[in-house]
Amino acid sequence: MSIFEQVNGKVVAAPVSPGREILARRGAMLAYTGDVTFSPVHTGPGGAGGMVGRMMQGEHVPMMVAQGQGTVHFGYRGLYVSIIDVDGSGPLSVEADRLVAHEASLQSAVVFLGSQGGIRGAVRGAVSGQGLFTTQLHGYGSVAVLSHGGTIAIPVDGMRPVAVDPQAYVAHIGQVNVDISASVGWRDAVGRGSGEAIQLKLTGQGTVYVQASEQKP
């Protein structure tokens, strides 16, 4: 069960208590009640989220940890915020600059897309706007992610692939494989194509989250 509460489409709230800290991107705290403190996530050993700090810095998103006792409201630049629960069935793959906040209990790693399919993986990252790296969160906990216009959750059930526009892709969770599908003809080369020549194809078992806009946060 998620510890985040959806206050409205653009704000979530989360309780903070000893042993249940929240990691968030700096600038995402909107308001809080209680005795809560905020500290930058250090890159050295020790301290809550030390490893996460190192990983997130690899994607250039400075992070902070909220700790103490109270409730914190999070949001970022008026963008929509969606809650995703990670239940141990598979990692959540999401770009770091789409993260608002997540439970510090989740383990984080930055994955080089090229290692998940060679050149195809690297091209996929460049096309989707994710660069060559993406963040994976493992374990059990809740995550708040950003999108334009909110997200829809589409099941990936292994029966047939799900195709997603690279700029509408937000995240995926579970045992899901992602590949790039390109169909570029002369019409696309001269600017008369549909504009949908490159898509992400997802197969396996899990869920993909798609936003209501073809642009990045």
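**Glycine 90, the cores and the rings**

Trainee: Where does glycine 90 lie?
Mentor: This is a predicted model. Two strands frame the site: strand 6 (80–87) and strand 7 (92–94). Glycine 90 is placed in the loop between strand 6 and strand 7.

Trainee: Is glycine 90 buried or exposed?
Mentor: Its relative accessible area is 10%. Buried means under 20%. So glycine 90 is buried.

Trainee: Which residues is glycine 90 in contact with, leaving aside neighbours within four places in sequence?
Mentor: Contact means heavy atoms within 4.5 Å. With those neighbours set aside, the partners of glycine 90 are Ile173, Gly174 and Gln175.

Trainee: Which strand gives the most to the largest nonpolar core?
Mentor: That core has 20 residues, and Phe4, Ile22, Phe74, Val100 and Ala101 have the most contacts inside it. Strand 2 (11–16), strand 3 (22–25), strand 5 (63–74), strand 8 (99–103) and strand 11 (140–147) each supply at least two residues. The top contributor, with 4 residues, is strand 5.

Trainee: How many residues does the second, separate core have?
Mentor: Its members include Ile84, Val94, Val145 and Tyr209. The count for this core is 13 residues.

Trainee: Are the rings of tyrosine 32 and phenylalanine 38 stacked, tilted or edge-to-face?
Mentor: The whole structure holds 1 aromatic pair. The ring centres of tyrosine 32 and phenylalanine 38 are 5.3 Å apart, with planes at 65°. Planes over 60 degrees apart count as edge-to-face. So this pair is edge-to-face.

Trainee: Which ring does the charged end of arginine 25 sit over?
Mentor: The distance to the ring centre is 4.1 Å. The ring under arginine 25 belongs to tyrosine 76.

Note on methods
Residues are numbered from 1 along each chain as its sequence is written. This is a predicted model: local features need pLDDT of at least 70, side-chain atom pairs count only at pLDDT 80 or more; totals for chains, interfaces and linings use all residues. Side-chain values use heavy atoms; hydrogens and water are left out. Buried means under 20% relative accessible area, exposed over 50%, partly exposed in between (1.4 Å probe, protein chains only). A nonpolar core is a set of buried Ala, Val, Leu, Ile, Met, Phe, Trp, Tyr and Cys residues joined through side-chain atoms within 4.5 Å. Rings of Phe, Tyr and Trp (its six-membered ring) pair if their centres lie within 6.5 Å; planes under 30 degrees apart count as stacked, over 60 as edge-to-face and the rest as tilted. A charge sits over a ring if NZ of Lys or CZ of Arg is within 6 Å of the ring centre and within 35 degrees of the ring normal.
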